[in-house]
Amino acid sequence: MTQSTPGTWASPRHRSAVTWIVAIATIAIIFDGYDLVVYGTILPTLMNDPGQLGEISAQQAGALGSYALIGVMVGALTAGAVGDYLGRRRMMLVNIAWFSVGMGLAALATNVTMFGLLRFFTGIGVGGLVATAGAMVAEFAPPGKRNLYNAIVYSGVPAGGVLASLLAIVLRDTIGWRGLFWIGALPIVILLPLALAKLPESPKWLVARGQEDKARRVSERTGIPMPGAEEIAAERASVEKVGFAALATRRYAWGTALLGLMSFSGLLLTYGLNTWLPKIMEDAGFNAKGSLSFLLVLNGGAILGGLIASKVADGIGPQRVVATTFGLAALALILLTLGFPLPVLLASVAVAGVGTIGTQVLIYGFVSNYYSTSARGAGVAWCAGFGRLGGIFGPLIGGALISAGISSQVAFYVFAGIAVLGGIVTFFVPRQRDTVATTSEESYSTVQVS
């Protein structure tokens, strides 16, 4: 028996299987980010050209931005209600297909009402996907790499934002907003077949559901280690209830409430800025492509900063890192109001990306590893679903401020205040003395290398 340390691989097959899982989840989340940001890139076109969908006021535009997020909330909470019962693989497959169909149908919309309903429909699939991806990665990734792998997967959100921004800059005038939405429907063609072939069910989930024989077959086929006897015992003893019922137990209730508020703050900032930053900068005097460049920098900063911060979180824990990045967001948003030259503005926007979108990436990693297997899907779903209320309010707040003629400085101050509140909430999340996590590391430290 060869000794291995936490964070290493049980076999080459184990590493290959996890690489495929992380890659598929990341690509899926990239299209989630694409869906999030592409609306912001086409918003000036829809508002300036009534011939597209009809007259759209600033308040209507904010509401349209929120319809998708209401759908995301519904999808996330639904996935949390059934995902811990049906399994991670089934939920991933269903939701990849769901949001792809929604994006394609939205490209065919002919009026504001139809477009809004289809954005809601698309959001249901996106929400289910976001709620499931973190639970999958937490159960497949070796201990010591979980925050990093979660960050890789959820960095797909800002990566999708970068993709949407670049494609809008290059192609919007050529293929129009409908063409950009058709691009968002590609996963049903390019990703779903790959997921069907390469995505296994989680052995931990199968064991938690009493399907140990099936879990053993998956483990033999993929090289993913079976949970050890101590881990199985700890898992079964850790939570008496499954899914959302577990979140209301004494062990998790207070932490669940605070994690939801953290996600609320992070997603309010993420959706508020992604929806309105191009319009705010356009109103400040930048041309259409220049204003989209700020969106590109916002999401690019989130990718790089989020990955660096997640590596730090694997070393010192995510709680302090999340509080710090919330603080960076507040500082950067205030700097945007001080009239600095363009290079300083771009640097501030990049830091704001780390502190808003990047912070939300870290929050998903924090939440994914906070709960045991029996409650993990519901915990991530709660974070994604309740957090989407913040995402709903973000575009609405931006639309209300702009409709009222309030300056961009005030909007940035409002967002900075929300970042400060998010950082304060983070400090009060109780730490989990998680025996499951401990025994998980012990299981990996004694696994036989094949």
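**Exercise 1. Decide whether Val 101 counts as buried, partly exposed or exposed.**

*Solution.* Start with the value: Val 101 has 38% relative accessibility. Next, recall the cut-offs: buried means under 20% relative accessible area and exposed means over 50%, with partly exposed in between. Val 101 therefore counts as partly exposed. Keep in mind, here and below, that this is a predicted model.

**Exercise 2. Find the nonpolar surface patch that includes Val 101, and say which helix gives the most to it.**

*Solution.* Begin with the members: Val 101, Leu 105, Leu 108, Trp 182, Leu 186, Ile 188, Val 189 and Ile 190 form the patch. Together they have about 700 Å² of accessible area. Two elements give two or more residues each, namely helix H3 (88-106) and helix H7 (187-190). Val 101 has its place in helix H3. The largest share comes from H7, which gives three residues.

**Exercise 3. Stay in helix H3 and work out whether Asn 95 is buried or exposed, then list what it touches.**

*Solution.* Asn 95 lies in helix H3. Its relative accessibility is 5%, and the cut-off for buried is under 20%. Asn 95 therefore counts as buried. Now look at its contacts, leaving aside neighbours within four places in sequence: Asn 95 is in contact with Ile 124, Gly 125, Gly 128 and Leu 129.

**Exercise 4. How many salt bridges does a search of the whole structure find, and where do they lie?**

*Solution.* The search finds two. Take them one at a time.

- Step one: the side chains of Arg 119 and Asp 35 meet at 2.6 Å, N to O. This pair links distant parts of the chain, as Arg 119 is in helix H4 (residues 112-140) and Asp 35 is in helix H1 (residues 12-48), 84 residues apart. Both Arg 119 and Asp 35 are buried.
- Step two: the side chains of Arg 216 and Asp 213 meet at 3.4 Å, N to O. Both residues lie in helix H10 (residues 212-222), three residues apart, which is about one turn of the helix. Arg 216 is partly exposed, at a relative accessible area of 36%, while Asp 213 is exposed, at 54%.

**Exercise 5. Describe how helices H1 and H10 pack.**

*Solution.* Two packed helices are described by the angle between their axes and the distance between the axes. For H1 and H10 the angle is about 100 degrees, and the axes are 8 Å apart. Angles of 65 to 115 degrees count as roughly perpendicular, so H1 and H10 are roughly perpendicular to each other. On the H1 side, the contact is made by Arg 13, His 14 and Ala 17. On the H10 side, Ser 219, Glu 220, Arg 221 and Thr 222 take part.

**Exercise 6. Place Leu 277 in its surroundings.**

*Solution.* Leu 277 lies in helix H13 (residues 253-283). With 2% relative accessibility, Leu 277 counts as buried. Not counting residues up to four places away in sequence, Leu 277 touches Gly 272, Phe 294, Leu 295, Leu 298, Val 349 and Phe 412. Look at Val 349: it is 72 residues from Leu 277 in sequence, and their C-alpha atoms are 9.7 Å apart in space.

**Exercise 7. Sum up the whole protein.**

*Solution.* Its secondary structure comes to 19 helices and zero strands. Of the 450 residues, 59% are buried. The protein exposes about 16500 Å², and carbon and sulfur atoms supply 66% of that. Finally, among contacts with a separation of 6 or more, 84% join residues 24 or more positions apart.

Methods: Residues are numbered from 1 along each chain as its sequence is written. This is a predicted model: local features need pLDDT of at least 70, side-chain atom pairs count only at pLDDT 80 or more; totals for chains, interfaces and linings use all residues. Side-chain values use heavy atoms; hydrogens and water are left out. Patches are made of residues with over 30% relative accessible area and no salt bridge: like charges are joined within 9 Å, nonpolar side chains (Val, Leu, Ile, Met, Phe, Trp, Tyr) within 5 Å. Accessible areas come from the Shrake-Rupley method with a 1.4 Å probe; for residues, only the protein chains shown count as cover. A salt bridge is a side-chain nitrogen of Lys or Arg within 4 Å of a carboxyl oxygen of Asp or Glu. Helices (H or I, at least four residues) and strands (E, at least two) are DSSP runs, numbered from the N terminus. Buried means under 20% relative accessible area, exposed over 50%, partly exposed in between (1.4 Å probe, protein chains only). Axes are lines fitted to C-alpha atoms, for helices over the stretch in contact, and angles run from 0 to 180 degrees between N-to-C directions. Angles under 35 degrees count as roughly parallel, over 145 as roughly antiparallel, 65 to 115 as roughly perpendicular and the rest as oblique. Contact means heavy atoms within 4.5 Å.
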